[in-house]
Amino acid sequence: MATTGNHTVVTGVIGKTPGQAVYNRLEIYKFIEPENKYQFALYVQALRRLMDVNPSSWVSYFQIAGIHGAPYIAWDGAGAGPNPAQAFKGYCTHGSVLFPTWHRPYVALIEQEIQKHALEIAKEYTSYQQEWQTAAISLRQPYWDWAATATPPDKIYIDDKLTIPAPPKGDALVVDNPFKWYTFPAGPLPDEQDFQLPSPVEAWRGRTYRCAQLDNATQTVSDDLTQLQKNIDGFKSQAYLNRRRQALSLFQYVQTWARFSRDDSSSGPGPSLVSLEAVHALIHTGFGGTAPFFGHMTSPQTAAFDPIFWLHHSQTDRLLSLWLALRYNPNDANLWISSSTDHDGTWTTPADGKVDENTDLTPFYATSQDDSFWKSSDLRVPPNGLFGYSYPEFDGLDFSDRVAVATAIKSKLNALYGITLAVQQWHQFHTTGAADTTATGPDDDIAARAYTRTVQSSDGPDAQPPTVLSWSAHITAKKFELGGSFWVLLFLGPVPDRPEDWRACPSYVGEYAAFVHSEPARCANCVKLGMGALVGSHISLNDAIIERAAVRSLDPSEVVPYLRRELCWRVQGGPAGYVHPGDFDSLEVDVSATPVHLIEKEDDFYPIGEPQMYHEVTRGRPGGYRNAHAL
């Protein structure tokens, strides 16, 4: 961090290995391993010190977290912009094509502040001084890869206390776990009336909560860890698997920036597709809680106060880096930001205003001068250390060879997530009625290539490539209709009566989460202008269909009758916590099947065809397909 002249500048962290690339951000399971004990101990202490900085300082945890929304203070003088004061809802660019790039300098800002404190803490050790100093220089914001694991480590979200080696000699010390919650400053807070949520949470003068529950007898608020576990894991990990499938769909199906960057169902032709913003919302609502278990992560204006926010958005930035590396082509305008409409608006961007790659990413100063902010055009670079960090997947890559980079990233994504392997399992089930789901691990990409060569050569060199259908449910709704965040859950089979049991029942398949400002009246202008904004996503059904083995193949003659009989949906949100699908006027759930062709490509995944809609699956049902004259 550098504070020179008039403003706090986002410069990124310091330190790199001489003659080599910058240090990587580490996945949280790696970050807590004994080999990284110095970094972990420094991070824990540095995060705690940052939380204790006077809240009037621009570089306090309170002020940095407040950039995302409440308490609606112009951070470091970054403009009382075109929206009137009564309409200000923060700087965050949700619902905008700038959503991925805006959060990049935001995470870099807190990363540089944490390292600043870590460098000072390292000087306090009298034993192993060199190790502590090296650890501070290499310290980066960790990320939680929620597409690879169902939950973070217990010491991140379960344990109240941590044991770390403390200064000066590294003796074991038990400390409060700063990953668990943030304690708000004592005394009056700015714009105190803005620290409200339509939920049981009343203790805004206390701390952040996750899946908050109110004890009516004592009128105390606590975290509901059981509900939290259901939200992020679910029955047989279905909540996690849904999140994983949606993340992987970003690489398999989403091939334009307009689709990738934001949750906006009007961003392209055809049915709604998953976006980075939509899949990231699953973590916000999972940790914050679903109605009636609201916590701070559920609403944009309060989410950044929860310490899990930074692990989450470091991962979101990683997915952005991977997608750009896989799709990077400076000559293809569809793969980058073009002029678009920001339905929500921010303090410096009017609702329904135009934004593009040269729009200021306020309030993140690139220099200390007034009105000198980072822009997305500054950030369209490989992860080569613009802000002093990178990710492990980019080690050793030569970014001058775009095709080689894309090929390497494809291979690494397959090794991590088995994207290609999933398609092969679908094809095996489709052709044999059974799928081998045992193949996982780092050799998946090799297995994928061997499988592809086998199926392509099975009928001779002139045979058409084998194709399998990818069945999906598409969810579309008006963003602001329910007055806050909402959830549409899908099931294949009977649904329990109690909403708190939905994610833990055997029929649960997955969900779409809309991350929406919980006080739209606080942003009257954006609500008025953006009431028609459509959001949505798609949820893959293939794995759930195959797991239940209720059909003999993925052919429409088998799947369509099955889905008409078994596919159900429920809605959480609104003041009562539950909305009947028939009362959610804009909700539409539709079904499609997209052909996936098993053709080997070095620098991309299996190509896909045009989706075929099967409106008859949901037509005529509450919240189902509405256009009765279409076939």
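Which side chain does that of Asn 24 meet in a polar contact of 3.1 Å? The partner is the side chain of Asp 395, a polar contact being a pair of N or O atoms within 3.5 Å in which, within protein, one atom must be able to donate a hydrogen and the other to accept it, with residues adjacent in sequence counting only if both atoms are side-chain atoms. All this comes from a predicted model, in which local features need pLDDT of at least 70 and side-chain atom pairs count only at pLDDT 80 or more, while totals for chains, interfaces and linings use all residues. Residues are numbered from 1 along each chain as its sequence is written, and side-chain values use heavy atoms, with hydrogens and water left out.

Asn 24 sits in the loop between strand 2 (7-9) and helix 1 (28-31); helices (H or I, at least four residues) and strands (E, at least two) are DSSP runs, numbered from the N terminus. With a relative accessible area of 17%, Asn 24 is buried (buried means under 20%, exposed over 50%, partly exposed in between, using a 1.4 Å probe and protein chains only). Its side chain also reaches the backbone nitrogen of Tyr 391, at 3.4 Å. Leaving aside residues up to four places away in sequence, Asn 24 touches Arg 140, Ser 390, Tyr 391, Pro 392 and Asp 395, where contact means heavy atoms within 4.5 Å.

On to confidence: pLDDT, the predictor's confidence in each residue from 0 to 100, averages 84 over the protein, and 82% of the residues score at least 70. Two stretches call for caution. Over residues 437-458 pLDDT stays under 50, and the model has 34 contacts beyond four places in sequence for them. Residues 523-529 also stay under 50, with 16 such contacts.

The largest nonpolar core (a set of buried Ala, Val, Leu, Ile, Met, Phe, Trp, Tyr and Cys residues joined through side-chain atoms within 4.5 Å) has 118 residues, and Phe 287 and Trp 310 are among those with the most contacts inside it. Phe 287 has neighbours that include Trp 144, Tyr 157, Arg 210 and Met 297, not counting residues up to four places away in sequence. Apart from that core lies another, of 46 residues, including Tyr 512, Ala 544, Ala 593 and Leu 598.

Then there are the sheets. One open sheet of 4 strands runs in the order 14-11-17-18, with antiparallel pairing; two strands pair if DSSP finds at least two bridges between them. Strand 14 (534-540) and strand 18 (612-613) stand at the edges with a single partner strand each, so one side of each has no neighbour in the sheet. Helix 14 (residues 419-432) packs on this sheet, touching strands 11, 14 and 17, and its direction makes about 115° with that of strand 11 (axes are lines fitted to C-alpha atoms, for helices over the stretch in contact, and angles run from 0 to 180 degrees between N-to-C directions). Strands 11 and 17 are joined by 10 bridges, with Val 468 partnered by Val 596. Strand 17 is mostly covered, 8 of its 10 residues being buried. Strand 17 pairs with strand 18 over 2 bridges: Ala 593 with Gln 612, and Ser 592 with Met 613.

A second open sheet, also of 4 strands, has the order 13-12-15-16 and antiparallel pairing. Strand 15 (residues 567-572) joins strand 16 through 2 bridges, one of them between Val 571 and Val 579. Helix 18 (residues 556-566) lies across strands 12 and 15, at about 40° to strand 15. Helix 18 also lies across strands 11 and 17, running at about 30° to strand 11.
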